[in-house]
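Please load the model in your viewer and keep the selection panel at hand. The stops below take packed helices and empty spaces in turn, each with a selection to make.

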Amino acid sequence: MSADPHAEHHHSRRWVILVVLALSQLMVILDSTVVNIALPTAQKALAFSDNDRQWIITGYTLAFGSLLLFAGRLADLFGRKWALIIGLAGFALASALGGFATTFTMLVSARVIQGAFGAILAPAVLAILTTTFRDGRERGRAFGIFGAIGGGGAALGLLLGGVLTEYFSWRATMFVNIFFAIPALIGAFVLLRHSASTHRPKLDLPGAVTITAGLFALVYGFSLADTDGWGDGKTIGFLVASGILLIAFVVIEARSKHALLPLRILLDRTRGGGLIAMFLATTGMFGVFLFMTYYLQSNLGYSAVKTGVAFLPLPAAIVLTAAVIMPRLQRRVSPKILVPSGMFLGAVALALLTRIEVQGDYAADVLPSLILLGLGMGTLFSIAMSISTLRVRQEDAGVASATVNTVQQVGGSIGTALLNTIASTTITAYIADHLAQATTKAAQLGVQAQAAINGYHVAFWLAAAIFAGGAVVTAIVLRRGVPEEFLHSTGDEPAMIHA
C-alpha cells in the first residue's frame, strides 16, 4: 500500500473521478455536433447570411484546434485540477453567453470563447484519466468507457441537437452544456487535489507561438477549402503558411531544452501508431456524420429528431465494443491486430454505404453499416486512445493528451473539407453532364437527386480508402505483442494521481 494518504484517498474514489471526467468529455464531444442541427433555426432568429453561418462552426474549431498543445503544456506546469476547473467554468459561461445571444457577432464570440476553454479542458480530462488509471485491467475499463464517449458522443449530439431544437429552442443547444458543467465542477472541486508538476522548465514560447499559429493556419485553410475551394488564393496561402510554421515548430522542438512538445512523445512506435489511427479515423468518420445527415433528411424525409434516432445504433455498438468487449480483449490481443481490425471494419462499413440510392431503405442500406462502423470504432477508439498516452512521463501527460485531441481536431477539419469538396465537385459535374437532357421539372429534380447520391458515393469510397490505408499503416507501425501495462495489475495499490 502507498504511504501517501492523499493518493490512497484518490484511489478509493477513482471511479467517481471517472464520472466527472466522462461528463466533461461528453460535453466537449456533444458540442461538436449538437449545434449543427440548430444552425438553420439560429440563422433565421438572428438574421445572418449563409456565408456567415460557417463561422458558428469555424470560430469554435479555430480556437479549439490552435490552442490545444499550448493549453496542454500549461496544464502540465500549473496543475491539471485547475485546468479542468477553469476549462469547465469558462465553457459553461461561454455557453450561457451563446444561449443569450441577440446578434450574430455575440454568438460567434461565444463559440470562439467556448473553443478556447475547450482547449484548456480537453487535455486536462485525458491527462487526469491517464495518470489516475495505471492498473492494467482498470486502465482497459476506464479507456473503454472514455473511448465509447469519444466515438459515440458526436452521434448522440445529433439526436440531442434535434430534440432540443424541435421541442425547445436553438438556444437550448447552448444552455445544455451548463447541465454537464455544474456537476462536473462540483466533482472536480471535491474529488481532485491540486498537484503542480515538480518538473518546472521554462515555457517554450517560440514553440508555443509557431504551433498555435501553424494549427490556426491549418484549420482555417481547410475551412476555406470547404467554402472557397482548393484553388482559392487564401486557401493556398494559409495551407502553405501552416506547412512552413509546422516545419519550423519541429525544428524548434528538436533543438529546445524545454520543448513544448518533446519529440519523444511522437517518435515512440506504440504512441505514434495510436495517434495515426485517431487522426485517420476522425478524418473518415465525418463521411458518415456529414453525408448521412443529408441523406436521411433530404432523401428519406426524416425530421431532425428522427435523424438523431436513426444514428443511435452507431453509438450503441461503440459502447458495447469499447466498454464491454475491448477491456477483456486488449489483455489477450495485441494493438497491432486490434487497431488495424477496427480500421478495416470501418472501411467495410463505409464501402457498404455506397449501396444507398435516391429511394433507399434505412434498414437494408444504412443500419448494417452503422452497426459495423460502431463495432470498428469501438475497437479502434478505446485501444488507440489508450496507447496514444502510454508510458508518457508524468510531466508530459497534459501535452501528450493535447496531442491526441489535436490530431482528432485536425483530422475532423481535414475530413470535412476534403470529403465535402470532393462530393460537391462530383455533384456539380454530374449536373453539368445530365441536366441539359432533362426536359421537365420532375426530370431536373431527379437529376439533382441522383447527383447528390453520386457525390455521397464518391465521398464514402474515399473515406473507406482512408480507413483501409489506416489499417495498413497501423499494422506496419505498431509493435507486436500486448503492452505490459495492459497485463499489469497492481491489486489495491493506489495509482499515482497528479491532478
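Is the crossing of α5 and α6 left-handed or right-handed? Before turning to the answer, bear in mind that this is a predicted model, and then select residues 80-99 for helix α5 and residues 104-132 for helix α6.

**First stop: α5 and α6**

With both helices displayed, you are looking at a pair that packs at an angle of about 155°, the axes lying 7 Å apart. Since angles over 145 degrees count as roughly antiparallel, that value makes α5 roughly antiparallel to α6. The crossing of α5 and α6 is left-handed, which settles the opening question. If you colour the residues of this contact by class, 18 come out as nonpolar, 7 as polar and 1 as charged.

**Second stop: α6 and α17**

Keep α6 on screen and add residues 397-434, which form α17. The axes of α6 and α17 come within 8 Å of one another and cross at roughly 120°, and the two helices are therefore oblique to each other. Their crossing is right-handed. To see the contact itself, select Ala-122, Pro-123, Leu-126, Ala-127, Thr-130 and Thr-131 on the α6 side, together with Ala-397, Gly-398, Ser-401, Ala-402, Val-404 and Asn-405 on the α17 side. Taken by class, the residues joining α6 with α17 comprise 7 nonpolar and 5 polar, with no charged residue.

**Third stop: the second largest cavity**

Which residues line the second largest cavity? Select Gln-25, Ala-122, Leu-126, Phe-146, Met-385, Val-404, Asn-405 and Gln-408, which together make up its lining. Ala-122, Leu-126, Val-404 and Asn-405 will be familiar from the contact between α6 and α17, and both of these helices supply at least two residues each to the lining of this cavity. The greatest contribution comes from α17, with 3 residues. The space enclosed amounts to about 30 Å³, and its lining holds 5 nonpolar and 3 polar residues but no charged ones.

**Fourth stop: the largest cavity**

A search of the whole structure returns 2 cavities of 30 Å³ or more, and the largest cavity has a volume of about 40 Å³. To display its lining, select Val-35, Ala-38, Leu-39, Ala-42, Ile-56, Leu-107, Trp-170, Thr-173 and Met-174. At least two residues of this lining come from each of α3, which spans 39-46, and α8, which spans 172-191. By class, the lining of the largest cavity divides into 8 nonpolar residues and 1 polar residue, with no charged residue.

**Fifth stop: the second largest pocket**

How large a volume does the second largest pocket have? The computed value is about 460 Å³. The lining consists of 18 residues, and the ones to select are Leu-215, Leu-246, Leu-266, Thr-406 and Val-407, as these lie closest to the centre of the pocket. For the surrounding helices, display α9 (205-228), α10 (233-255), α12 (269-299) and α17, each of which supplies at least two residues of the lining. That lining is made of 15 nonpolar and 3 polar residues, again without a charged one.

**Last stop: α15 and α16**

Finally, select residues 335-352 for helix α15 and residues 362-388 for helix α16, which pack at an angle of about 155° with their axes 8 Å apart. That angle makes α15 roughly antiparallel to α16, and α15 passes α16 in a left-handed crossing. On the α15 side, the residues to highlight include Pro-335, Leu-338, Val-339, Gly-342 and Met-343, while those they meet in α16 include Asp-365, Ser-369, Leu-372, Leu-373 and Leu-375. By class, the contact of α15 with α16 is built from 16 nonpolar, 5 polar and 1 charged residues.

Technical notes: Residues numbered from 1 in each chain as written. Predicted model: local features only at pLDDT ≥ 70, side-chain atom pairs only at ≥ 80, totals over all residues. Heavy atoms only, no water. Axes fitted to C-alpha atoms, helices over the stretch in contact; angles between N-to-C directions. Helix = DSSP H or I, 4+ residues; strand = E, 2+ residues; numbered from the N terminus. Parallel < 35°, antiparallel > 145°, perpendicular 65-115°, else oblique. Left-handed = near helix turned anticlockwise from the far one by under 90°. Nonpolar A, V, L, I, M, F, W, Y, C, P; charged D, E, K, R; others polar. 1 Å grid on protein atoms, 1.4 Å probe; cavity = no way out; pocket = protein on both sides within 12 Å on 5 of 7 lines; lining within 4 Å. Points joined across faces, edges and corners; volume = space filled by probe spheres on them. Contact = heavy atoms within 4.5 Å.
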